[in-house]
Protein chains: 2
Amino acid sequence: LSSSSTEIRRADVKATSAFEEDTAFARVDDRTFGATVTDRWNGLHGQPLGGYVLAVALQPLRAQMPYPDLLVSSAFFLRPVATGPVEIRTEVARVGQRTATGETRLFQGGKEALRSTATFTNLPEHENGGLEFGHPPLLPRPENSISLHTGDPLPSSSVANRLEYRVGETPGWRRGQPSGDPVSELWLRLTEGGGDDTLTVPFLVDAAAPAVMDIGATGSTTIELTIYVRSRPTPGWNACRASTRLVKDGYHEEDFELWTDHHRLVAQARQLAIVHMGSTL
Amino acid sequence: LSSSSTEIRRADVKATSAFEEDTAFARVDDRTFGATVTDRWNGLHGQPLGGYVLAVALQPLRAQMPYPDLLVSSAFFLRPVATGPVEIRTEVARVGQRTATGETRLFQGGKEALRSTATFTNLPEHENGGLEFGHPPLLPRPENSISLHTGDPLPSSSVANRLEYRVGETPGWRRGQPSGDPVSELWLRLTEGGGDDTLTVPFLVDAAAPAVMDIGATGSTTIELTIYVRSRPTPGWNACRASTRLVKDGYHEEDFELWTDHHRLVAQARQLAIVHMGSTL
């Protein structure tokens with residue numbers, strides 16, 4: 001047997017997907033864990049996507065919960081995270097009959113970079129419809145949609161190897177002509193499986209280009225991201241809608257909805273972020 | 001001089017409003033504070049409103065921040081809070097050039113009842129418009145709106161003495177005929193001042209009857225509430241919109257927007273809650 005709990009844990013991991021592999025953790029003690037932020041989930045800015053780092057932080061917290069499904073996560077992004085080792089400290093706040101809540105903090109180089117409080121539950125295996133008052137994105141079927149992987153490559157964005165993006169029409173900002181309307185709808189799919197776990201949701205809801213790209217933004221830095229998981233996700237295509245209502249004082253919010261391709265709402269997410277505008281605005 | 005820091009702090013408070021008075025706190029040590037949840041802010045269920053308790057918990061955290069304005073709060077409601085004394089423990093997570101983030105935990109009877117992480121900033125004194133893609137509620141002017149204080153009194157709801165509610169038409173659920181559409185728009189005003197502080201926002205966004213009352217719900221228990229403050233509030237009337245998109249597996253989300261009567265968006269809030277349905281649904 002290895003003398004390193006990290007190695008034991010790594011060897012134990014039967015990762016069935018790149019996502020599971022890259023969010024694995026090693027136990028240091030009851031409340032402390034080690035993990036590695038890999039370079040396979042970088043966004044347009046060439047840095048690990050916040051939603052991926054959040055999933056890394058939530059894994060060891062979930063492992064201490066009596067319920068498998070993420071119901072709510074609110075994450076505060078305190079400092080940028082680079083690829084490399086991180087330390088995660090967890091705390092169980094309350095375990096109830098129906099939900100359990102705890103907190104996870106992710107440190108890099110001794111500094112806290114991310115903090116999330118999260119509630120877990122048991123989501124039903126079999127779906128009941130619920131009372132639905134919203135409507136899914138109005139997209140052509142995935143097979144009739146345009147892949148965003150053609151055209152100019154985005155070499156900084158390694159996540160483009162992990163995800164497929166399809167749209168009804170190419171977004172204005174990708175053609176150098178921002179539409180002026182900060183709303184986007186797209187299909188999103190994990191290329192390497194793992195899409196049936198609620199812990200993929202924090203990653204998916206943060207994986208698309210921000211809607212403010214279409215009003216001339218060059219990027220966005222998340223301050224806080226809240227996610228409500230309303231149904232277990234299903235592997236395959238997700239229909240997504242991103243929208244922003246107000247850009248003001250250097251901040252914008254973004255709403256993000258994730259739907260299965262059978263019109264079931266999987267998640268509602270919202271974030272507040274610092275907007276980076278191009279020189280023309 | 002009094003030997004009790006609690007008394008000193010109370011005596012120091014120059015409360016200019018009932019809200020300020022009832023969210024005052026006393027220092028126990030650098031990170032621990034005492035406060036009293038009063039019976040003047042009870043909702044329809046006859047218990048203190050969650051948003052009021054949240055404001056009580058945020059006051060001592062704000063006092064340690066270099067910035068006066070709440071920008072983001074995410075609160076998890078772990079246990080019910082009754083009127084009476086509470087203990088509040090705070091922690092500063094990070095102070096940056098633009099924002100500062102910390103955490104506050106509220107205990108009653110030795111048990112943690114509420115936990116919020118929150119970010120503070122300096123919101124501008126003078127308003128710039130920003131880029132607005134949403135629209136304010138479509139309400140008649142307050143002077144042409146109907147007061148909800150006429151008709152059957154709601155004796156359990158002491159908050160009705162602190163707030164005025166006005167609507168374009170009486171909601172279906174108040175007439176015993178839920179409309180079937182979980183959307184409501186209303187005017188809201190603090191009757192006793194204090195409406196120019198961002199810490200009144202957590203209270204205001206949780207002070208209206210939940211939109212699910214109009215699909216037959218008898219009440220709602222908040223699990224998590226996230227608030228983004230986009231502008232400093234102004235004293236006087238606030239135009240509000242509450243809406244729910246999905247009721248499923250016993251949970252509902254509610255979006256709540258708060259606007260000034262001059263069409264400026266003050267806050268975007270969203271909560272996930274357990275829905276209590278009447279016997280007919």
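Reader: Hey, quick one to start: how many salt bridges are there between chain A and chain B?
Author: The count between chain A and chain B is 14. A salt bridge here is a side-chain nitrogen of Lys or Arg within 4 Å of a carboxyl oxygen of Asp or Glu. This is a predicted model, where local features need pLDDT of at least 70 and side-chain atom pairs count only at pLDDT 80 or more, while totals for chains, interfaces and linings use all residues. Residues are numbered from 1 along each chain as its sequence is written, chains are lettered from A and ligands numbered from 1 in the order in which they are written, and side-chain values use heavy atoms, with hydrogens and water left out.

Reader: Why would side chains pair like that at all?
Author: Side chains of opposite charge can pair when their charged atoms come close. Take A:Glu253 and B:Arg230: their closest N and O atoms are 3.0 Å apart.

Reader: Got another one that crosses over?
Author: Sure. A:Glu91 and B:Arg105 meet through their side chains in a salt bridge, 3.2 Å from N to O. That pair crosses between chains, going from strand β4 (residues 84-95) of chain A, where A:Glu91 is, to strand β5 (residues 99-108) of chain B, where B:Arg105 is. Helices (H or I, at least four residues) and strands (E, at least two) are DSSP runs, numbered from the N terminus.

Reader: Are A:Glu91 and B:Arg105 buried or exposed?
Author: Both A:Glu91 and B:Arg105 are buried. Buried means under 20% relative accessible area, exposed means over 50%, and partly exposed is in between (1.4 Å probe, protein chains only).

Reader: And how many salt bridges over all chains?
Author: The structure holds 50 of them over all chains. One of them joins B:Glu87 and B:Arg89, with the closest N and O atoms 2.8 Å apart. B:Glu87 is partly exposed at 30% relative accessibility, and B:Arg89 is partly exposed too, at 38%. Some salt bridges share partners and join up into one network, which includes A:Glu91, A:Glu103, B:Arg105 and B:Arg115.

Reader: OK, back to the two chains. How many residues of chain A are in contact with chain B?
Author: 59 residues of chain A are in contact with 59 residues of chain B, where contact means heavy atoms within 4.5 Å. Also, 100% of the interface residues of chain A are interface residues in chain B as well, so the copies meet through the same surface.

Reader: What area is buried between chain A and chain B?
Author: About 5,200 Å², and carbon and sulfur atoms give 53% of that. Of the area that chain A buries against chain B, A:Arg230, A:Arg245 and A:Arg270 supply 14%, more than any other three residues. Buried area is the accessible area (1.4 Å probe) that two parts lose on being put together, summed over both.

Reader: What turn lays chain A on chain B?
Author: A turn of 180°, with a shift of 0.0 Å along the axis, and the RMSD is 0.0 Å. That's the relation of a two-fold axis. In chain A, the C-alpha nearest the axis belongs to A:Ser74, 3.3 Å from it. The copies are superposed by least squares on the C-alpha atoms of residues with pLDDT of at least 70 in both.

Reader: New topic: how many aromatic pairs are there over all chains?
Author: There are 11 over all chains. A:Phe25 and A:Phe33 make an edge-to-face one, 5.6 Å centre to centre with 90° between the planes. A:Phe25 is buried at 9% relative accessible area, and A:Phe33 is buried at 5%. B:Trp41 and B:Tyr52 are stacked instead, 5.4 Å centre to centre and 25° between the planes. Rings of Phe, Tyr and Trp (its six-membered ring) pair if their centres lie within 6.5 Å; planes under 30 degrees apart count as stacked, over 60 as edge-to-face and the rest as tilted.

Reader: Does Trp41 turn up elsewhere? Like, what sits over the ring of B:Trp41?
Author: The charged end of B:Arg162 does, 5.8 Å from the ring's centre. In chain A, the charged end of A:Arg162 sits over the ring of A:Trp41, 5.9 Å from its centre. A charge sits over a ring if NZ of Lys or CZ of Arg is within 6 Å of the ring centre and within 35 degrees of the ring normal. A:Trp41 is also in one aromatic cluster with A:Phe19, A:Tyr52 and A:Phe203.

Reader: Last thing: where is A:His263 found?
Author: In the loop between β14 (251-260) and β15 (265-277) of chain A. Its phi is near 65°, a positive value in a residue other than glycine. Most residues other than glycine have a negative phi. A:His263 is exposed, with a relative accessible area of 54%.
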